[in-house]
Structures are given as structure tokens and as C-alpha cells.
Amino acid sequence: MTSTSRHIVLTGATGKVAPLVARHLAAAGHRLTLTGRSVPQQRPQSGLQPAVRHVVCDYDRPASLSEAFRGADAVFVVTNDPTRPEHDRNILRAAVDTSVGHIVKLSAAAVHDPAAGDLVTTWQRENEDRIRNSGIPWTMLQPRSFMTHALAWAPGIRADSATRALHPHSRNACIAPEDIAEVAAQVLGDDTHHGRSYQLTGPQALSAEDQTRILAGLLGRPLACRALSRSEARDAYLRRYPPAMADALLASADRQAAGAKSATTRTVERLTGRAPTTFTQWATAHLRHFTSEESHD
């Protein structure tokens, strides 16, 4: 490891972003602790494994978090359940109790939208405020929608060559999780990023119809983008989320239809030194998910 090696803890170890962050950090020689409710199935390359520790944590028990956070130069905070705000409070409590040197919070770009008052955005604003008032140096990462949301279309593409969306013409400056991960790895434990908030987007705002055309071109066959009614969209959300979350996602889709999510930033390029990933590039790298029955989790 290098002389600038840091001990960095990543929460959400089985999610979409933290494992990608871990690869960057392990390659740079940092010592990592990955935490989650289970041990990740995919780990950094075996040659880097000795510097990586995997810890099962119960976010309802601050003591288990404190054990994982002890001695950390920085913690990457990823939570995904706004109906369980105590998880975020417990993570921050453990970070304060163990004198963590830096918190990098994965939040959302919607926190800047005064018209956004849904459950998810309110939860993220409260998380940010709590961290800012904690006394620990912080950095906020505030991305737009993940490009990986398109993976939800895979069964429909395989079944009847169709994607489905509420407001299929509305545009979102969606971002590849790989870009978020590279930014996170860049800022974790670096005091030049203390007290900064970074809005992260992809290079262009795309609609569901735009993304469907791109996927059709890559797959070499026609695809249709079919509009969902409001009740159909809510039913689809309810198959995965509780009612409060379903309503929050509907409100988010309505704000997108009003144009609230179409602005782009150059933050990814400024922080990483390269252009952000296009949807075409992302879809090309993940095209197998749209042609096979494999899991997308």
C-alpha cells in the first residue's frame, strides 16, 4: 500500500455503487471495510483481497456499526429505505462516536428542487442536514437517476419487444453508476472536497423513448416504448415498494415531466478528467442483461 493509504468504510456493500467504489479504492491501495446486511457475492479482484474486510452490520444496532467504523479515515454512506430513517441516524451516530474523519453521502439531485416535497427527497434533505450539523467533515454526492433503472425493462424487451414508462417523452439527465463510483473514490478522505456538494449527471437528458431507440439499435431489432397510465405505473411501483414510496415515485415522475430533471452538469468531467458515460456506452457494456434471463440485482 502507498504512504497515503487510508482506511475507508463503505456502507451498502451489496448495492449498485459501493462495490464499484471498492474496486477503485482497492486498486489505489486503500484499506477497505465493506458493510451490509450480508457479505457481497462479488468482491474486488483476488490480488487486492487482503486489504478488504467484509463486515455484516445491523443498521438497527449502532454498536455493530461502531465496530466497523472504528479507525476509519472516511465513510461512504449509502442507504436506500426512506421508511427507515433510523438507519441513517444510527450510521451517523456511529460515525460521531468513533470520530470518523470524513463522510461522503450518496444523496440525490432532487434536494435542490424547491418543488420536490416527496418522501424520498425529504428524507435525503434531512439526511444531509443531519450530516452537516454533525461536526464531521462532509461531502455530498447528488446524482440524477441511475442508468441502471433501464434494466427493469429487460423482461418486457425479451417478452414482447417493448419498454413501458409513465411520461415516456419526459427527459432525465441520467448517470452511469460507474461514474458516481469514480467520483466517490476520488473524494473519499480528500480534505479538498470537505464541505462541498456535487450534482452529478450524465452528458445528456434522455427520455424513455430515446433510451428505447438506443437499445433497439444495439439489439438490432425494433422496440416499442409504451406509455403507462397513472394507475398502471402505481400498480407497478406497488409490486416493489410500500404505498408511500410508490406515491413518491409518481411525484418524481411528474416533476420529470415538468422538465425538472433535464439539466446537465460537467461535474463528472471536472472531477475525473474524462467525459461522463453516455447511455449508449453504458447500454453496450450491459447489453447481455437485455438478452438473457440472468439477475440484474
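Reader: Which residues are linked with Asp60 in a network of salt bridges?
Author: A word on ground rules: this is a predicted model, where local features need pLDDT (the predictor's confidence in each residue, from 0 to 100) of at least 70, side-chain atom pairs count only at pLDDT 80 or more, and totals for chains, interfaces and linings use all residues. Residues are numbered from 1 along each chain as its sequence is written, and side-chain values use heavy atoms, with hydrogens and water left out. A salt bridge here means a side-chain nitrogen of Lys or Arg within 4 Å of a carboxyl oxygen of Asp or Glu. The network joins Asp60 with Arg84 and Glu86.

Reader: How many salt bridges does that rule give?
Author: Take aspartate 60 and arginine 84 as one pair, with N to O at 2.7 Å. Counted by this rule, the salt bridges come to 17.

Reader: How many residues apart in sequence are the parts that aspartate 60 and arginine 84 tie together?
Author: Helices (H or I, at least four residues) and strands (E, at least two) are DSSP runs, numbered from the N terminus. The salt bridge between aspartate 60 and arginine 84 spans 2.7 Å. Aspartate 60 sits in the loop between strand S3 (52-56) and helix H2 (62-69), and arginine 84 in the loop between strand S4 (74-77) and helix H3 (85-97), so the separation is 24 residues.

Reader: Is aspartate 113, the partner of arginine 255, buried or exposed?
Author: These two side chains meet in a salt bridge at 3.1 Å, N to O. The pair links distant parts of the chain, 142 residues apart, with aspartate 113 in the loop between strand S5 (103-106) and helix H4 (119-132) and arginine 255 in helix H9 (residues 243-257). Buried means under 20% relative accessible area, exposed over 50%, and partly exposed in between (1.4 Å probe, protein chains only). Arginine 255 has 10% and counts as buried; aspartate 113, at 14%, is also buried.

Reader: What separates aspartate 129 and arginine 132 in helix H4?
Author: Their salt bridge has its closest N and O atoms 3.8 Å apart. Aspartate 129 is partly exposed at 43%, and arginine 132 is partly exposed at 31%. They are 3 residues apart in helix H4, so what lies between them is about one helical turn.

Reader: Where does pLDDT stay under 50?
Author: The chain's mean pLDDT is 92, with 93% of its residues at 70 or more. The stretch under 50 has 8 contacts (heavy atoms within 4.5 Å) beyond four places in sequence, and covers residues 43-48.
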